[in-house]
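Visitor: Could we go through this model together, beginning with the ligand site?
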Amino acid sequence: MSERDLAVQRLVIPQILETNAYHVQNAKGYIKLDAMENPFIWPPEMKAEWADIAANTDVNRYPDPEASGVKSLLKQALPIPEAASVVLGNGSDELIQLLAMLVGKPGAKIYSPMPSFVMYRAIASSLGLDFISSPLNDDFSLNIDATLNVIANEQPELLFIAWPNNPTGQLYPVDDLIAIIECAEGLVVIDEAYMPFASDTFLHRVMSYPNVLVMGTLSKVGLAGLRLGFLAGPSEWCDQINKIRLPYNIGVLTQAAAEFALSHFDVLKAQTVEIKKQREMLAEQLAKYPGFEVYPSQANFILVRSNGKGAQEVFDSLKQHNILIKTLHGTHPLLDNCLRITVSSEQENKMLLDALSRIFC
Ligand SMILES: Cc1ncc(COP(=O)(O)O)c(C=O)c1O
């Protein structure tokens, strides 16, 4: 071991030495159906208008630390209650980290039913916090008894409920969410990353409880490259988070682009309507392949279990056809032979189905 390696081993916090960096598949040249991105770009006139705004956005000054323009347009675009405060993050990933830091005293616990979004556990362990969970049912519905049991016994400081859940796409019954909130003494974060594709939101209920925040992101409505997530809820919580948020976490260009995109929210909304339509058509078609078990989704992806050909074989074969999806096999016992496919445009969905037809012929 080199002297430098020894210094690293001696100085870096053990739980960081033990973890691996978040791995992102190399997607260059592939049809990308792996990361729940919106496939649609902006119409040419919108692009031209944005180019003009970008050219006139001065980058020599620090950004507005409050990003007030973005917040007020967010409130116009989404059903965020008037009385709610908003905190913005460099993607909701950053907000998950801030929330964990906020309550992360030694011995603090973070809870989420599993399988769910991988960053909850990753961020907990990078900060040396305990991550606890309870398993979903075999059909990925919420096992509410097991959930309430763990919460009552462990009383975690922070709870994440992805609603709809990633990678399963399910929107648990709202009564189960309320039961969790009423049982928990910790802060419950309803993570609504897939809000634009779901039939319900908790936003209009967020001010009714002492211990709830709703988290969202613009990533899935076509702005993944901007990195803009938000938390909405009571100011008592948001004020504390703002104390640890780095003051200029949302750059000048991100603020300008987000304001511009939010002032054209009708364009983004129309794209999500199309994706929801495509989701229903794709789910119906996927169910026709031998061994494919398709789970209902309220998000912009579809979870499929491949009971015939193994998930890895389907993943590899699609890759040979230049199509990238996500294999979940091996990530959780409930996800054996599962694949997660992002819903895309009619054209790309058809390319996926054509490739599957060749693989299964
Ligand atoms: C449930 C959930 N929460 C949060 C995120 C993070 O989103 P972002 O950091 O792009 O805002 C994701 C991303 O896939 C997600 O699936």
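Guide: The ligand site comes first, then the cysteines. This is a predicted model, in which local features need pLDDT of at least 70, side-chain atom pairs count only at pLDDT 80 or more, and totals for chains, interfaces and linings use all residues. Residues are numbered from 1 along each chain as its sequence is written, and side-chain values use heavy atoms, with hydrogens and water left out.
Visitor: Which residues come nearest to the ligand?
Guide: Ser92, Asp191, Tyr194, Thr217 and Ser219 come nearest, out of 13 residues around the ligand (a heavy atom within 4 Å).
Visitor: How many of the shell residues are charged?
Guide: The shell has 4 charged residues, alongside 5 polar and 4 nonpolar ones. Here Asp, Glu, Lys and Arg count as charged, Ala, Val, Leu, Ile, Met, Phe, Trp, Tyr, Cys and Pro as nonpolar, and the others, Gly among them, as polar.
Visitor: What lies 2.7 Å from an oxygen atom of the ligand?
Guide: That is a polar side-chain atom of Arg227. In the side chain of Lys220, an N or O atom is 2.9 Å from a ligand oxygen, and for Asp93 a backbone N or O atom lies 3.1 Å from one.
Visitor: Changing topic, how many disulfides are there?
Guide: A search of the whole structure finds 0 disulfides (pairs of cysteine sulfur atoms within 2.5 Å).
Visitor: And is Cys238 buried or exposed?
Guide: Cys238 is buried, because its relative accessible area is 0%, and Cys338 also counts as buried at 0%. Buried means under 20% relative accessible area, exposed over 50% and partly exposed in between, with a 1.4 Å probe and protein chains only.

Methods: Polar contact = N/O pair within 3.5 Å; in protein donor to acceptor, adjacent residues only side chain to side chain.
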